[in-house]
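Please work through the following exercises with the sequence and the coordinates at hand. Each task is followed by a solution in steps.

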Amino acid sequence: MPGRSFSSEDIAKLKKLFNEGSRVLREMEDLKEGLKETCKKLNELSEKGWEVYSTMSAPNGVSKIYFLRKKKN
């Protein structure tokens, strides 16, 4: 099977696609780590007697607002 040759424009497009894909994967890992840290902190607050409420603050659900209130004994 003969090898395919790519134009310099095709190579530039492939490099851009690869770089953008790598950036997206890094951002996803950062977001997952941030979510883990947020969940951990909210759990710690809950264990310390705080009630934790959350609500979506954007129509697309990307951001959240957390409300904290000290639990009544």
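The exercises below concern a predicted model and proceed from the whole chain to single residues.

**Exercise 1. Overall architecture and confidence**

Determine which elements the protein chain has, and in what order they run from the N terminus.

Solution.
- Step 1. The protein chain has one helix and two strands.
- Step 2. Read from the N terminus on, the order of these elements is α-β-β.
- Step 3. The average pLDDT of the protein chain is 82, and 78% of the residues score at least 70.
- Step 4. Confidence is highest in H1, at 91, and lowest in strand E2 (residues 64-70), at a mean of 70.
- Step 5. Where pLDDT is low, predicted coordinates should not be read in detail.

**Exercise 2. Burial and long-range contacts**

State what share of the 73 residues in the protein chain is buried, and what share of the contacts with a separation of 6 or more comes from residues 24 or more positions apart.

Solution.
- Step 1. A residue counts as buried under 20% relative accessible area.
- Step 2. Buried residues make up 5% of the 73 residues in the protein chain.
- Step 3. The accessible surface of the protein chain comes to about 6900 Å², and carbon and sulfur atoms hold 58% of that surface.
- Step 4. Among contacts with a separation of 6 or more, 8% are accounted for by residues 24 or more positions apart.

**Exercise 3. The geometry of helix H1**

Compare the expected span of H1 with the distance between its end C-alpha atoms.

Solution.
- Step 1. Helix H1 covers residues 8-47.
- Step 2. The expected span is 1.5 Å times one less than the number of residues.
- Step 3. For the 40 residues of H1, the expected span is therefore 58 Å.
- Step 4. The end C-alpha atoms of H1 are 59 Å apart, which agrees with the expected span.
- Step 5. Just after H1, Gly-49 adopts a positive phi of about 95°.

**Exercise 4. Salt bridges along H1**

State how many salt bridges the structure holds, then examine the pair formed by Arg-23 and Glu-27, the pair formed by Glu-29 and Lys-32, and the pair formed by Glu-44 and Lys-41.

Solution.
- Step 1. Side chains of opposite charge can pair when their charged atoms come close.
- Step 2. The structure holds five salt bridges, and the steps below treat some of them.
- Step 3. In the salt bridge of Arg-23 with Glu-27, the closest N and O atoms are 2.9 Å apart. Both residues lie in helix H1, four residues apart, about one turn of the helix. Arg-23 is partly exposed, at 37% relative accessible area, and Glu-27 is partly exposed at 39%.
- Step 4. Glu-29 and Lys-32 form a salt bridge with an N to O distance of 3.2 Å. They are three residues apart in helix H1, about one turn of the helix. Glu-29 is partly exposed at 47%, as is Lys-32 at 45%.
- Step 5. For Glu-44 and Lys-41, the closest N and O atoms are 3.8 Å apart. These residues are also in helix H1, with a spacing of three residues, about one turn of the helix. Glu-44 counts as partly exposed at 29% relative accessibility, and Lys-41 counts as partly exposed at 46%.

**Exercise 5. Nonpolar side chains**

Which residues form a nonpolar patch on the surface, and which residues does Leu-68 touch?

Solution.
- Step 1. The patch consists of Phe-6, Ile-11, Leu-14 and Leu-17, which together have about 380 Å² of accessible area.
- Step 2. Leu-14 belongs to helix H1 and is partly exposed, with 44% relative accessibility.
- Step 3. Leu-68 is placed in strand E2 and is partly exposed, at 41% relative accessibility.
- Step 4. Not counting residues up to four places away in sequence, Leu-68 touches Leu-45, Trp-50, Glu-51 and Val-52.
- Step 5. Leu-68 and Trp-50 are 18 residues apart along the chain, and their C-alpha atoms are separated by 6.2 Å.

Conventions
Residues are numbered from 1 along each chain as its sequence is written. This is a predicted model: local features need pLDDT of at least 70, side-chain atom pairs count only at pLDDT 80 or more; totals for chains, interfaces and linings use all residues. Side-chain values use heavy atoms; hydrogens and water are left out. Patches are made of residues with over 30% relative accessible area and no salt bridge: like charges are joined within 9 Å, nonpolar side chains (Val, Leu, Ile, Met, Phe, Trp, Tyr) within 5 Å. Accessible areas come from the Shrake-Rupley method with a 1.4 Å probe; for residues, only the protein chains shown count as cover. A salt bridge is a side-chain nitrogen of Lys or Arg within 4 Å of a carboxyl oxygen of Asp or Glu. Buried means under 20% relative accessible area, exposed over 50%, partly exposed in between (1.4 Å probe, protein chains only). Contact means heavy atoms within 4.5 Å. pLDDT is the predictor's confidence in each residue, from 0 to 100.
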